[in-house]
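User: I've got a model open and I'd like to learn how to read it piece by piece. Can you walk me through it?

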Amino acid sequence: MPRVIFEDIIKSYGKLTVLKNLDLAIDDGEFLVLLGPSGCGKTTLLNLLAGLLDVTAGRITIGDRDVTDLDPKDRGLAMVFQSYALYPTKTVRGNLKFGLAAHKLPTAEIEQRIAWAARLLQIEPLLDRKPAQLSGGQRQRVAIGRALVKKVGVFLFDEPLSNLDAKLRTEMRLEIKKLHDELKSTIVYVTHDQIEAMTMATRIAVMDAGVIQQFGTPDEIYGRPANLFVAGFIGSPAMNLRPATLSVAGGKVAARAAGVDLDVSHYGFLTAPRDGQSVVIGLRPEHFGEPDAAVTDPAGNFSLPVQHSEKTGSDATAYLKFGDGLIATRVDPELIGRFKQGDTVNISFPQGKLHVFDAQSGRRL
Amino acid sequence: MSTGLLSGDARVEAAPRFPRKRKGISGRSIAILVFLSICAAFFCVPLYVIVTTSFKTMEQIREGAIFSLPSPITFEAWVNAWDHACSGIRCEGLKVGFWNSVAILFPSLMLSLTLSSITGYALALWKVRWAGTFLFILFICAFVPFQIIMIPLIILSSGLKVYGTIWGIAIIHAVLSMPFLTLVFRNYYKGIPQEIMSAAMMDSGSFWRVFGEIIVPMSGNIFIVVLILQVTSIWNDFLLGLTFGGLGTQPMSVVLANVVITTTGEAAYNENMAAALLTAIPPLVIYFILGKFFVQGITAGAIKG
């Protein structure tokens with residue numbers, strides 16, 4: 001069944017090149033999330049796949065068909081849009097039916113598919129209403145239903161949850177994931193929300209400036225970010241990235257940042273570290289140890305003054321002065337009381353959770 | 001209702017704590033009222049004279065008091081204007097012109113609405129080669145005065161053997177209104193969210209099916225706006241009807257002018273007034289029936305980007 005392959009895709013508008021020599025292969029049944037900040041080209045890539053935009057150069061194949069020059073309706077895709085894009089003058093049933101307009105199907109088959117999608121999405125009581133009479137979440141379901149009735153192999157989602165409120169978003173996230181598990185179809189999902197990406201994707205393609213920065217499973221993206229962009233983009237609060245200098249002496253490697261030495265001897269360097277090399281070290285806020293408690297075999301110990309702290313109910317973050325900047329550490333909300341402004345706290349960072357990047361290229365070392 | 005504290009009904013017992021000063025009539029509002037009254041009178045006084053005169057007998061008109069109320073009230077002038085008024089040597093009244101106008105109005109409405117809505121839809125929502133150039137030309141055409149192209153058009157239409165026919169006038173109306181109406185439709189359709197069009201492209205991709213099933217049902221308001229504009233301009237048109245209308249195919253406005261101009265013996269003021277009112281009625285009726293949609297249609301495109 002359909003494997004979607006992008007080969008050497010270039011998309012430019014006049015002199016502005018939005019996508020640069022992009023290659024990407026999506027396996028059958030995969031839930032691929034295209035993740036990136038606004039303007040990174042992820043929606044452009046999706047529209048190229050849908051056929052709503054034409055590539056400047058390159059080839060797109062779905063299954064064994066070259067679809068680069070096909071019309072959108074002939075590509076065997078279905079798409080869910082950010083604004084739902086329901087036809088306002090048609091009823092829900094009419095919307096679903098129009099989704100099948102390009103397929104010449106017998107009436108019984110159309111009715112049966114609409115009934116199937118309506119049952120699956122629990123929109124049966126809404127079939128005779130107009131979109132204006134539906135709530136945001138219901139409209140979202142109808143939009144998904146309009147895609148489902150086509151029974152295609154590849155579904156495209158363009159930031160489908162960004163117009164919903166936080167609670168509904170969480171619910172719909174689970175439902176889309178459930179649908180994917182049930183239907184086993186390929187999904188390409190565009191979002192700028194890393195939580196959606198981390199929770200739903202089987203693989204994530206992190207994009208920035210028209211280039212895929214990293215392509216891997218959520219665990220890989222989080223655990224082994226390929227470069228500084230991915231490191232800074234994934235994770236909330238964001239990873240602390242600090243410039244440091246490596247010193248290699250007698251089998252020991254240390255990174256010195258703002259007067260603190262971090263032991264990186266056990267770090268899995270991809271290239272051998274050089275003495276005096278400029279690097280950027282990355283410390284995730286959630287990997288810091290408890291304040292004023294010893295961590296066995298730490299990479300480094302910090303003794304830093306508290307700048308401020310914030311609580312979000314289930315979580316708390318303290319910001320500590322480090323050199324001329326701040327580093328964020330996640331703290332058990334029970335313990336946040338210990339972080340008073342101006343106090344100095346001792347915290348340590350464990351071995352094995354550190355990330356080291358080259359200062360010039362930004363690549364993971 | 002209970003008066004308990006929990007019932008939640010707020011009772012005003014004492015005077016309000018922060019009474020608001022009542023606004024009196026200021027000098028400024030008097031000035032505005034006077035100005036508005038003058039404006040209203042400017043339109044109403046002539047209308048009053050026309051309406052009252054049309055119900056008067058000629059004897060009363062000859063007395064010269066133009067503001068007096070008609071006594072006795074007579075509908076004779078209206079009947080005469082409709083049935084017997086003389087335009088040139090034919091004395092068949094305005095009804096000939098009325099039916100001519102109707103016969104011009106409908107085909108030309110159908111033609112201009114269909115052509116301009118489809119062109120506007122294509123220009124706004126489909127990738128059309130040279131769309132920008134085409135729009136620019138339309139824009140220029142919308143500003144070319146009819147008088148400039150009148151003579152060439154007459155020669156052209158007589159060459160096509162439609163000069164002096166009802167169809168000739170209808171087609172010329174439709175063609176002349178095309179540039180402006182196409183721009184109106186195009187701008188309205190530009191306001192339709194791109195994603196709806198994208199969804200339609202993925203669902204159907206057929207030019208006509210998307211137009212018929214998705215776009216036309218969404219453009220009720222703009223159709224009414226254009227309908228009103230077209231009905232008014234076609235019905236009120238004089239120059240086109242005069243130059244392109246042959247004997248017996250003249251629209252109502254031309255017949256009206258002839259009725260008023262033709263004088264044998266004394267001028268029948270009551271008949272002329274009745275004739276003018278009869279000619280003005282159809283656009284008014286359209287405004288009254290569809291006026292609400294007209295305002296909606298004008299603002300709908302403006303607010304929703």
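Analyst: Happy to. Let's begin with a strand pairing: Leu32(A) sits opposite Arg203(A), a residue of β9(A). Keep in mind that this is a predicted model.

User: Which strand does β9(A) pair with, and in which sense, parallel or antiparallel?

Analyst: To read a pairing, look at the direction of the strands and the bridges between them. Here β9(A), residues 203–208, pairs with β3(A) in the parallel sense, over 4 bridges. β3(A) also pairs in the parallel sense with β8(A), residues 186–191, over 5 bridges. In that second pairing, Leu35(A) has Thr191(A) as its bridge partner.

User: Why is β3(A) described as largely enclosed by the rest of the structure?

Analyst: For burial, count neighbours: a residue is buried if 20 or more other C-beta atoms lie within 10 Å of its own. For β3(A), residues 31–35, that holds for 5 of the 5 residues, so the strand is largely enclosed by the rest of the structure. Then check each face. Phe31(A), Val33(A) and Leu35(A) are buried on one side, and Leu32(A) and Leu34(A) are buried on the other.

User: How do I read a helix in the same spirit?

Analyst: Start with the geometry: an α-helix has 3.6 residues a turn, so residues three or four places apart point the same way. Now take α8(B), residues 194–203: 7 of its 10 residues are buried, so this helix is largely enclosed by the rest of the structure. Among the buried ones are Ile196(B), Ala199(B), Ala200(B) and Asp203(B).

User: What do the buried residues of α8(B) pack against?

Analyst: Partners from both chains. From chain A there are α1 (42–50), β6 (77–80) and α2 (92–98), and from chain B there is α9 (207–218). Just for the backbone fans, Gly205(B) follows α8(B) and has a positive phi, near 75°.

User: How many residues of each chain are in contact?

Analyst: For an interface, count each side, then sort by class. Chain A puts in 18 residues and chain B 15. The chain A side consists of 12 nonpolar, 4 polar and 2 charged residues.

User: And where are the domains of chain A?

Analyst: Domain 1 of chain A covers 4–233 and domain 2 covers 240–358. Their C-alpha centres are 39 Å apart. The contact between them draws 5 residues from domain 1 of chain A and 5 from domain 2 of chain A. On the domain 1 side, 3 of those residues are nonpolar, 2 are polar and none is charged.

How values were computed: Residues are numbered from 1 along each chain as its sequence is written. Chains are lettered from A and ligands numbered from 1 in the order in which they are written. This is a predicted model: local features need pLDDT of at least 70, side-chain atom pairs count only at pLDDT 80 or more; totals for chains, interfaces and linings use all residues. Two residues are in contact if their C-beta atoms, placed from the backbone, lie within 7 Å. Ala, Val, Leu, Ile, Met, Phe, Trp, Tyr, Cys and Pro count as nonpolar, Asp, Glu, Lys and Arg as charged, and the others, Gly among them, as polar. Domain bounds come from an automatic or database domain assignment. A residue is buried if 20 or more other C-beta atoms lie within 10 Å of its own, exposed if 12 or fewer, and partly exposed in between; C-beta atoms are placed from the backbone. Helices (H or I, at least four residues) and strands (E, at least two) are DSSP runs, numbered from the N terminus. Two strands pair if DSSP finds at least two bridges between them.
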